[in-house]
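Dear colleague,

Please find the structure below for your consideration. A short account of what was found in it follows.

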Amino acid sequence: MLLLSAFVLLLGSTWTALMIGQITPVARNILYAHIPGSICALLCFIVLLVASIGYLRTARPQWDMVAAASAEVGMIFATVLNLTGMIFSRAEWGVWWTPSPRLITSGLLWFLYVVYLILRSSIRGPRYLQARVCAVFGIIAFLDVPMVLISARFVPDVHRPNFSFESDSQRLALFMGIGAMMILAAVFIWLKTDILKNQHKLEKEPAC
Amino acid sequence: MRYFWLSIKAVFVKDIVVELRARQVIPTMVVLGMLIVWILRTASEAASISAIVIGPAALWIAFLFSGLLAQERAFAVEQQNDCIYGLLLAPVDVGTIFLAKLLVNVVMLCIFEIIIVPVVMISFGLDIHGRWAGLAGVLLLGNLGICGVGTLFSAMVQLARSFGSLLSIIVLVILMPMMIPATLAMLMLFGAIPDELSGVGGLMFAGNFKSAIGYMIAFDAVFVTACWLLFGLVVKE
């Protein structure tokens, strides 16, 4: 049901964006995917932080599963953020990538997710140890994240922080896009957590 | 408080004595560092890139990789005969063990820096223009950041019996925000770029030398404290 509403919202957002709220030149319309992607990538990291702290406080495996799921989902959105950003940058400034603070920190966000996932898959040993190590990395890695936000607002950069959306329809399209992507992120995290829970259950009670 | 200093001293002296007798870590660090410097010097000559730009960057590359080498040893040495459990069973706060290990790593890296900085300055023909205090400050701050993050994660990687190369990617990705102002500060010290940068050049809060230093102090304070607090959770069995 939630998935359906997310898709409806996404379609609505795209339709409004392209039919009434089009930004000129056309290439700039990728912002309707770029901004929601960036918000979700950051939100997933906050979920990861909360789940990591939750795990270290309570040692319940459910928290660890939420952390694992949010890292995977966050990785997807960070990829969306960076890819759409690169396409936008190519269309706007003629380069795929340039070492400006904003672009460096978005790249860093992606790398943090990748390293988290590598860490998760490469630690052998008991499950609680793996979960604890990942939780500690999640917390330390989150300390790098505020810099992503600060660099977006306060550092002089080619990247414009507050792109002005002039008309109401443009703003409507943007907010629908943000809403849709947030629901999508939540559904993905929920689904992945469920899969991990079932996996855990299967490992506990092997079928005869 | 006296007990705190005594326990730090005990672990510190133990590790330094081990190093003095085995002479394992520092020679390896120095050789690795010199190889890195030598390769970069050759490359900069071949590509005719100005040595004054590559030199300060070469310093950080050498510190990072040699530092990782030392940090990996810091807890690997405790794995033999399961010494780590003896250390953890000692009636001291685990945070103290972290601080002692951090101190050992910082001292090792300092010794390495004292050797490698003249090597870099001679081979790249760099001139510090009398700003030795600035150089010492930047080196010490960078040192503390590298060692703080490295010490925590080397304990983690060792306890999880994971492979060592994992440590390098973990530490490098966490340190990245500090390495940019650190490199810029170093470039400013050697006169490769002006002390005041403008526009997009003011990369990552390092618009001028002072803000780069301030940013490094903030990074060190946040990360060393966080690592110190989380260390207890990592080694808890």
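**Two loop residues with positive phi**

In this predicted model, Ala59(A) sits in the loop that joins helix H2 (31-58) to helix H3 (61-93) of chain A. The phi angle of Ala59(A) is positive, near 60°, although the residue is not a glycine. Most residues other than glycine have a negative phi. Is Ala59(A) buried or exposed? Ala59(A) counts as partly exposed, because 13 C-beta neighbours lie inside 10 Å, while a buried residue would need 20 or more and an exposed one 12 or fewer.

A second residue of this kind occurs in chain B. Arg23(B) is located in the loop between helix H1 (2-22) and helix H2 (25-46) of chain B. Arg23(B), again not a glycine, has a positive phi of about 45°. With 9 other C-beta atoms within 10 Å, Arg23(B) is exposed.

As to the setting of Ala59(A), the overall make-up of chain A may be of use to you. Chain A contains seven helices and zero strands, so that the order of elements from the N terminus is α-α-α-α-α-α-α. Chain A has 208 residues, of which 39% count as buried. Among contacts in chain A with a separation of 6 or more, 79% are between residues 24 or more positions apart.

Yours sincerely,

Definitions and conventions. Residues are numbered from 1 along each chain as its sequence is written. Chains are lettered from A and ligands numbered from 1 in the order in which they are written. This is a predicted model: local features need pLDDT of at least 70, side-chain atom pairs count only at pLDDT 80 or more; totals for chains, interfaces and linings use all residues. Helices (H or I, at least four residues) and strands (E, at least two) are DSSP runs, numbered from the N terminus. Two residues are in contact if their C-beta atoms, placed from the backbone, lie within 7 Å.
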